[in-house]
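Take a look at the ligand and the pockets of this protein. Begin with the contacts, then step back to the spaces around them.

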Amino acid sequence: MWNIHQAYIDGAFVPVQGSEVLDVVDPTTEEVIGRATMGHREDAKRAIAAAGRAQSFMRGTAKADRIDMLRRLQAAVLARSDQLRDVTIEEYGGPWARAQWVSRYASECFAGAAQTLEEFPLTHAVGSAQVVLQPVGVAALIAPWNSAVGTICSKLASALAAGCATVIKPSELSPIQTQVLAEALHDADLPPGVINILLGRGTDVGDEISTSPGVARISFTGSTATGKLIARAAVDTMKRVSLSLSGKSASIVLDDADLDLAVPQAIAAAFMNNGQACVAGTRLLVPRARAQDIIEGVRGGVAAMRVGDPRDPATEVGPLASRAQFDRVRRFIRRGLEQGATLVVGGESRPEHLARGFFVRPTVFADVRHDMDIAREEIFGPVLSILAYEDEAEAIRIANDSVYGLQAYVFSSEPERARRLALQLEAGTVLINRTQPELLAPFGGVKQSGIGREFGAAGLASYLESKTIGLRA
Ligand code: NAD
């Protein structure tokens, strides 16, 4: 049984002053596996003050000092990667292969940021002026529950590379992952206050972070609704805010695509991370002339997916993360049927072989119109909607007919044709004939999927402010 009643502030694990205690439930067994006390606004104030003191130190660090910190973090997180994988499975229900990937990726973020910083010019000349890039100040990093460890490490790596001290607020739904990660980060032995981590409700700890004059920058990943609240709250103190938000990504199969390659990738794009992925390709756009073949291919592939215990490396789809998620996703499946979509595979009932756990059957709908809720709203679960199009122009129109614009996928045997189409899609990233991300390339959304870019040089730059020093010639 996990008992987590501390926050990591000023280099030490300290009891939190909050009184709300939440049960932590294993989504595979529905058993309570821990209790966690939420932080309080006063804890947030202490964490922000500690980061403010550390910021004075960080401001004076050289590139080499920060690269050394990043290398120490890389080693410390790598040393705990098996434990991070195991708690991601236990607390979140992430399938083994995905949890393994994320736990390795978490340490690689620090190596990537070290390399980026090494190559990144922090001063340059413009005419007779010198432009110096300096850390923006204390950075608050707010993370969602569906990718706790990966999100925190990627944001932290960019912030520290830039020289920002940090206050990290993970989701109240990931206390165990937070605890193991905090212990790993502590092992890196950075100066006190450079990293502070506390759990807490958005309305309390989150609001303190969004309004405090001690925070200069917020990097938020989560829902569009919360992103809007944070942006509004942060404007009075003029914080630099970046928002990585919700998505409803389109996967477009072009009429020349090799279906043996495209269909498995389209399925992987839709059902990755149990369907709880901001970048999930949950709208599959198919040419009407080939729709029947594609629907049959998807039916076969999805029906064969192994749903079950995420501890088993052969499992492809584990449970949803919480009862709230379980109820929400089943509600969407019901709505799809009510609104007249055709059920291809899956459905609202739980998988027959799983009597407990927050398991939902991977579900596919065909004959989906783009005005149906299942085509417009982010479901955040293993549900795929197939929409047919007549020609390329209509495919682009349907893909762009969304308030979101995070990622898109294109499948074609003609890469140049796919690239031309990619240029017309309203999305921060377009992947052609692949589902793996390019880790150091800019990542973020257009429209209501967000503001700003993360990762690599773009991520580093987002924690820097330029200062122009004009010298008299
Ligand atoms: P959420 O918006 O409910 O919560 C995200 C974080 O914000 C949590 O830590 C939460 O405690 C905090 N929060 C809530 N209210 C707040 C407030 N008023 N002020 C400050 N902080 C507050 O999102 P979630 O349910 O945890 O995550 C799922 C969502 O995140 C999905 O919409 C998904 O698409 C999105 N997401 C986006 C990306 C991306 O990179 N674009 C990545 C992962 C998840």
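**The ligand and its pockets**

Start at Lys 169: one of its polar side-chain atoms lies 2.8 Å from an oxygen atom of the ligand. This is a predicted model. Ser 246 also points to a ligand oxygen atom, with a polar side-chain atom 2.9 Å away. Gly 222 takes part through its backbone: an N or O atom there lies 3.3 Å from an oxygen atom of the ligand. How much of the ligand does the protein bury? Taken alone, the ligand exposes 860 Å², and the protein buries 87% of that.

Now widen the view to the shell. There are 26 residues around the ligand. The nearest are Ala 143, Glu 172, Ser 223, Thr 226 and Glu 378. By class, the shell holds twelve nonpolar, eleven polar and three charged residues. Which elements supply at least two residues each? They are helix H7 (202-211), strand E11 (217-221) and helix H8 (224-234). H7 gives the most, with three residues.

Next, place the ligand in its pocket. It sits in the second largest one. That pocket holds about 860 Å³ of space. Its lining counts 34 residues, and Trp 145, Phe 220, Gly 222, Ser 223 and Thr 226 are the closest to its centre. Ser 223 and Thr 226 were met above among the residues that come nearest to the ligand. Gly 222 was met as a backbone contact to a ligand oxygen atom.

The elements behind this lining are familiar. H7, E11 and H8 each supply at least two residues, and so does helix H11 (323-338). H7 has the largest share here, with five residues. The lining of the second largest pocket divides into 15 nonpolar, 14 polar and five charged residues.

Finally, turn to the largest pocket. About 1100 Å³ of space lies in it. Of its 45 lining residues, Arg 98, Trp 101, Met 272, Val 279 and Pro 437 are the closest to the centre. Three helices give two or more residues to this lining: H4 (96-119), H5 (148-162) and H9 (259-271). Strands E18 (407-411) and E19 (429-432) do so as well. By class, the lining of the largest pocket has 25 nonpolar, 14 polar and six charged residues.

How values were computed. Residues numbered from 1 in each chain as written. Predicted model: local features only at pLDDT ≥ 70, side-chain atom pairs only at ≥ 80, totals over all residues. Heavy atoms only, no water. Near = heavy atom within 4 Å. Polar contact = N/O pair within 3.5 Å; in protein donor to acceptor, adjacent residues only side chain to side chain. Areas by Shrake-Rupley, 256 points an atom, 1.4 Å probe, with all protein chains shown as cover. 1 Å grid on protein atoms, 1.4 Å probe; cavity = no way out; pocket = protein on both sides within 12 Å on 5 of 7 lines; lining within 4 Å. Sits in = over half its atoms within 2 Å of the grid points. Helix = DSSP H or I, 4+ residues; strand = E, 2+ residues; numbered from the N terminus. Nonpolar A, V, L, I, M, F, W, Y, C, P; charged D, E, K, R; others polar. Points joined across faces, edges and corners; volume = space filled by probe spheres on them.
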